[in-house]
Each structure stands twice: as structure tokens, then as C-alpha cells.
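Me: I am in my first year and would like a close look at one part of this protein, its disulfides. Could you walk me through them slowly?

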Amino acid sequence: MNTCSYLVAFLFNVAMLCQGANIFRLRHGHGVEEVSSYPTDAFTSGTPTVSHSAFQPELVAAVGSTVLLNCTLRDGLASAGASWQHNGRKLDPPRRESPAAPGAQLRLEDVSGEDSGTYLCLVDGKVQTQVVLKIGRKPQLPKIEDCISKNADTFRCWWTVEDSDLETHYRLFYTFNDGKRIRHECPEYEGVDSCFFGYDHAYLHTRYRFEVQATNALGSATSRPLYVDPTTERVKPDPPHHVHARLRHNDGALKVSWRSPTDIMFLSLQYELQYRSENDQPDDWTVQKTGEQANFLLLGLEPNTRHFLRVRCKPVLLGGFWSEFSDVTEVMTGESRDRQRHNQT
């Protein structure tokens, strides 16, 4: 190469370094596009741009694509006779290299997760280029599992989260059925898979339209919309607690009482008491509706027998579901009155 050619190459590479350093080429299908070390808006499909130093770039590629990694000296000149390492192990022979400049360009075809990792280009034992390559897929379509209220005053929504090699961000958006179509975002995320709507964002007799958007460095996917009125149609209280049973010795009856779930505000609840003896099958529960009454008197139980009790609740007026059952309470009934009389004689 003559002096003019070297000068042109030098100036070109210096310009690239000023813009953010090494250039990598990523081919999708039949087309080839230039991708800089810094993620571009077109490449990240709307994800926030993350800056990396020129010497420690990060590149994200789709499974099955072809990735071309260029080795560039710190003075900007392409290097011939360079060698490559992947996760500390020498690539020998390299996957594929340019015959005009052996080692200057590494070609990775039909990449998979095994190709992820750190790539180093070395010349005379010195690192000239370092690339952290991540291989993954565009997010799958997320699904909103449900939106449930415990008390008709607040509610939660949650959705599926896929296991991915790429960092994926999830955002919940919603609009009201008021004709304005103003889009709002989740007021309070709880981890990556749920959103909490407090008193300032939960409205009674209001229909919402929910969507979840999953985004990673290769693109985004939006769930199918969910139309629901959580504080009216999807109310599921917490279970009752502190279930207590007291044996009446005068007649052997069992008085059962419990406490309403906390944080129900003004929500009226109806209760269902279920019980069985140790002689019954595990799923053979006797059901007793108690209305809004938080206690009940059980008569005629088997004497000298262990009994199991549990309680659940449901809104009286609003649409909704039975809560989960309370913890099971065990109690031993006393002797029968006839046996008591016999023992006293």
C-alpha cells in the first residue's frame, strides 16, 4: 500500500475513533448494516442508549445472524496477522477471517448462545480490541395474568416474564374507557412482573385497558390488551385469620370464631366455614355458610375426635371471588355427655 493509501486509512480510522471507536458489522438475512460499538436507536428499537468506552464496547446480536468483528489498532490502522480469543481461549483456527488481512476481521456465522462472551483481538501479545458479545432473541409476547383487588380500594396487576439471556424491561400502560385515550404508565412497579395501584389510581366502577410492553436490545413486543374493572369485577380478599375454636364442656359444642382480613376498609364480607374429622377423607369437608357472621357454633360433632377447621370469605355486593382458605385449625372434641354421666356414677 502506498503512502497516500495509508494516510487515507489512518484518517478514516481516526474519524471513527472520534465518533465512538470501533465499527462492527452485523448482517441480518441478505442485507448488511453497520453497527457501532455504541447501540444505535435503530438497533436497540427504542431501549435507552447505554454508553460504553471505546476499548470495552458491547454488541448484541440475534440468534442465527452473522457477526463481523473488526480488529483495529489504537493508532487507527487495521491490523494484519492479529489473533482472537473468546472467553480467554484462543480461537485456532478462527471461525473465518479475511484473506487480505489475516486476523483483522473475525466472522461468526449463525451465532447462538454459545458464541456469547468476551472477544479479544491481540497483536504482538497486546489487546487491541475488546468486544462483549451478547446473543439473544427479541422478546416474546408477554401476557397479563390478571388484575385483582383485595379490598375494592387498591389493586395489583401481574404478567409473565420470560427467561432470557438479554436484559428485558417490562412496562405496564393503561387507558380509561372515557373516550380520551390518554395513556398512563404503572404508578408503582413491584419487581419486574407486577404493578400496584394505590388509592390515588384505583377507581370503583371504572373499566381499564391494560397492556404490557417487553423490550430488550433486539426489539420489543406488546401484550394483547386486557379490559377489566379490577375494583368491581375482580375483588378477591385476603383469607380470614386467627381462627379459634373453643369447646363448650356443658354440651360438647364447638364455638368457632375468626377475624376479618386486614385492610378491607368498608368492604362487607360473607364467610364460609368448612370442617371435617380425622375419620373423614382429606377432601371431604362439610360446608357451613355463616353469612356476614364471623363466628359459628358447631353441634353434634364426633366425641373424642380430632377435627380440622378452615374459613374463607367473599365480597357481599361486588363481583369477585372467594379468598384462599385460612390456615387449618385443629381441635379435639371432648367426651360424649352419656360417657360423662357414666364416669360420674
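Reply: Happy to help; here is a walk through the disulfides, pair by pair.

A little background comes first. This is a predicted model, in which local features need pLDDT of at least 70 and side-chain atom pairs count only at pLDDT 80 or more, while totals for chains, interfaces and linings use all residues. Residues are numbered from 1 along each chain as its sequence is written, and side-chain values use heavy atoms, with hydrogens and water left out.

Now the main term. A disulfide is a covalent bond between the sulfur atoms of two cysteines. Here a pair of cysteine sulfur atoms is called a disulfide when they are within 2.5 Å. By this rule the count is three disulfides.

Let us start with Cys-71 and Cys-121, which are joined with an S to S distance of 1.8 Å. The angle about their S-S bond is -85 degrees, and this link is left-handed. Cys-71 lies in the loop between strand 4 (66-70) and strand 5 (83-86), and Cys-121 lies in strand 8 (residues 117-123), so the pair ties together parts that are 50 residues apart in sequence. A word on those names: strands (E, at least two residues) are DSSP runs, numbered from the N terminus. Are these two cysteines buried or exposed? Cys-71 is buried, with a relative accessible area of 2%, and Cys-121 is buried too, at 0%. Buried means under 20% relative accessible area, exposed means over 50%, and partly exposed is in between (1.4 Å probe, protein chains only).

Next come Cys-147 and Cys-157, a disulfide with sulfur atoms 2.0 Å apart. Their link is right-handed, with 110 degrees about the S-S bond. Cys-147 sits in strand 10 (residues 144-148) and Cys-157 in strand 11 (residues 155-159), and the two cysteines are 10 residues apart. Cys-147 is buried, with a relative accessible area of 0%, and Cys-157 also counts as buried, at 0% relative accessibility.

The remaining pair is Cys-186 and Cys-195, joined with an S to S distance of 2.1 Å. The torsion about this S-S bond is about 105 degrees, so the disulfide is right-handed. Cys-186 and Cys-195 are both buried.

How do the pairs follow one another along the chain? If you number the bonded cysteines of the protein in sequence order, the pairing reads 1-2, 3-4, 5-6. One more cysteine to look for is Cys-313, which is buried, with a relative accessible area of 0%.

How values were computed
Helices (H or I, at least four residues) and strands (E, at least two) are DSSP runs, numbered from the N terminus.
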